[in-house]
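I opened the model to look up its core, its cysteines, its empty space and a handful of single residues. My entries follow in the order in which I made them.

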Amino acid sequence: MKTNLCIIPARGGSKRIPHKNIKHFLGKPIIAYSIETAIKSMLFDEIMVSTDDAAISQIALQYGAKVPFFRRTETSNDFATLSDVITEASQFYLNNNLDFANICCILPTAPFATVENLKKGLEMLEKYDDADYVRPLVRFSFPIQRALRLKMNKSELFYPEFINTRSQDLEPAFHDSGQFYWMRFKNGLNGTNLYGFEIPESLAQDIDTEEDWKIAEQKYKLASLDI
């Protein structure tokens, strides 16, 4: 029995890429990919978009998500956190006598999120009783122990103690793929036990600038994804 809620947070005030959450990505609004992946996964009892924007709401409804309320001012400004948005949505459902076991927050600019990885994330959340939330991670392509800082055009190692260590002997490091987060409904994003699993760099891309956007479209074409 499914007791999972999908929350897709998509406010309208993007600045670096205007109308980012509904900008067309290879022919359709980028948020459509997140909605369609959630629908195809068949993991969710409810798929909702949390927004403050009428245009985003219209597109969300068009692609099959629900928009049961509009965000408050406090969760729509530049200082609102993802945790604030999830708490607001959770409270809405509790106030309407609807409860779930888990939440999956899928970001609206996550065309690389796949059904397979959504299922993998849920399986991991259910496997580890102490997991507060689960997310897909991407390995840094270059050892972070060899990172450099630049001061007055002079480069310095952040960690000089590793200067003579072989790359293959350095511990791998990972970063958030920026796609989705599985969590317990009762806790939201609160907690310290953060589990994750690795996905390839070819299936992830930060999309914060117009250049990022172009790179993401090219990577998506090369990946030939079937969400």
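**Entry 1: loop and strand positions**

I started with Gln168, which I found in the loop between strand 8 and strand 9. The model is a predicted one, and I read every value below as computed from it. Gln168 is exposed, since its relative accessible area of 58% is over the 50% cut-off. I then took a distance from Gln168 to Pro143, 25 residues away along the chain, and got 9.1 Å between the C-alpha atoms.

Next I went to Asp176, which belongs to strand 9, residues 174–176. Is Asp176 buried, exposed or partly exposed? Its relative accessibility is 24%, so I noted Asp176 as partly exposed. Setting aside neighbours within four places in sequence, I listed Arg135, Pro136, Leu137 and Tyr181 as the contacts of Asp176. The C-alpha atoms of Asp176 and Ala204 lie 9.6 Å apart, with the two positions 28 residues apart in sequence numbering.

**Entry 2: the loop between strand 1 and strand 2**

I looked up two residues here. Lys23 sits in the loop between strand 1 and strand 2 and counts as partly exposed at 27% relative accessibility. Beyond neighbours within four places in sequence, Lys23 is in contact with Ile17, Lys28, Pro29, Ile30, Glu210 and Trp213. I also paired Lys23 with Ser177: the two are 154 residues apart along the chain, and their C-alpha atoms are separated by 20 Å.

His19 is in the loop between strand 1 (4–9) and strand 2 (24–25). I flagged His19 for its backbone, as its phi is positive at about 55 degrees although the residue is not a glycine. His19 is exposed, with a relative accessible area of 56%.

**Entry 3: another positive phi**

I noted Met152 for its backbone too: phi is positive, about 50 degrees, and Met152 is not a glycine. Where is Met152 found? I located it in the loop between strand 7 (148–151) and strand 8 (154–157). With a relative accessible area of 83%, Met152 is exposed.

**Entry 4: nonpolar cores**

I turned from the loops to the interior. In soluble globular proteins, nonpolar side chains tend to be buried together. The largest nonpolar core here has 32 residues, and Ile31, Phe44, Val49 and Trp182 touch the most other members. Which helix supplies the largest share of this core? I noted helix 4 (residues 115–127), with 4 residues.

I followed Ile31 further. Apart from neighbours within four places in sequence, its contacts are Ile8, Ala10, Asn21, Ile22, Val49, Ile56, Ile59 and Pro108. I also recorded a second, separate core of 16 residues, with Ile7, Tyr93, Ile103 and Leu107 among them.

**Entry 5: cysteines**

How many disulfides does a search of the whole structure find? I got 0. Cys6 is in no disulfide, and the nearest cysteine sulfur, that of Cys104, is 5.7 Å away. That pair does not qualify because the cut-off is 2.5 Å between sulfur atoms. Cys6 is buried, with a relative accessible area of 0%.

Cys105 is likewise in no disulfide; I found the nearest cysteine sulfur to be that of Cys104, at 7.3 Å. Cys105 is buried, and its relative accessible area is 0%.

**Entry 6: pocket and cavity**

I finished with the empty space. The largest pocket holds about 750 Å³. I counted 28 lining residues, and those closest to the pocket centre are Arg11, Lys20, Asn21, Pro108 and Thr109. By class, the pocket lining breaks down into 10 nonpolar, 10 polar and 8 charged residues. Asn21 and Pro108 had already come up in my list of contacts for Ile31.

For closed space, I got a count of 1 cavity of 30 Å³ or more. About 30 Å³ lies in the largest cavity. Its lining is made up of Thr109, Ala110, Pro111, Phe112, Ser177, Gly178, Gln179 and Gln205. I sorted this lining by class and got 3 nonpolar, 5 polar and no charged residues. Thr109 is thus in my notes twice, as it lines the largest cavity and is listed among the residues closest to the centre of the largest pocket.

How values were computed
Residues numbered from 1 in each chain as written. Predicted model: local features only at pLDDT ≥ 70, side-chain atom pairs only at ≥ 80, totals over all residues. Heavy atoms only, no water. Core = buried A, V, L, I, M, F, W, Y, C linked by side-chain atoms within 4.5 Å. Buried < 20%, exposed > 50% of the residue type's maximum accessible area, 1.4 Å probe, protein only. Helix = DSSP H or I, 4+ residues; strand = E, 2+ residues; numbered from the N terminus. Contact = heavy atoms within 4.5 Å. 1 Å grid on protein atoms, 1.4 Å probe; cavity = no way out; pocket = protein on both sides within 12 Å on 5 of 7 lines; lining within 4 Å. Points joined across faces, edges and corners; volume = space filled by probe spheres on them. Nonpolar A, V, L, I, M, F, W, Y, C, P; charged D, E, K, R; others polar.
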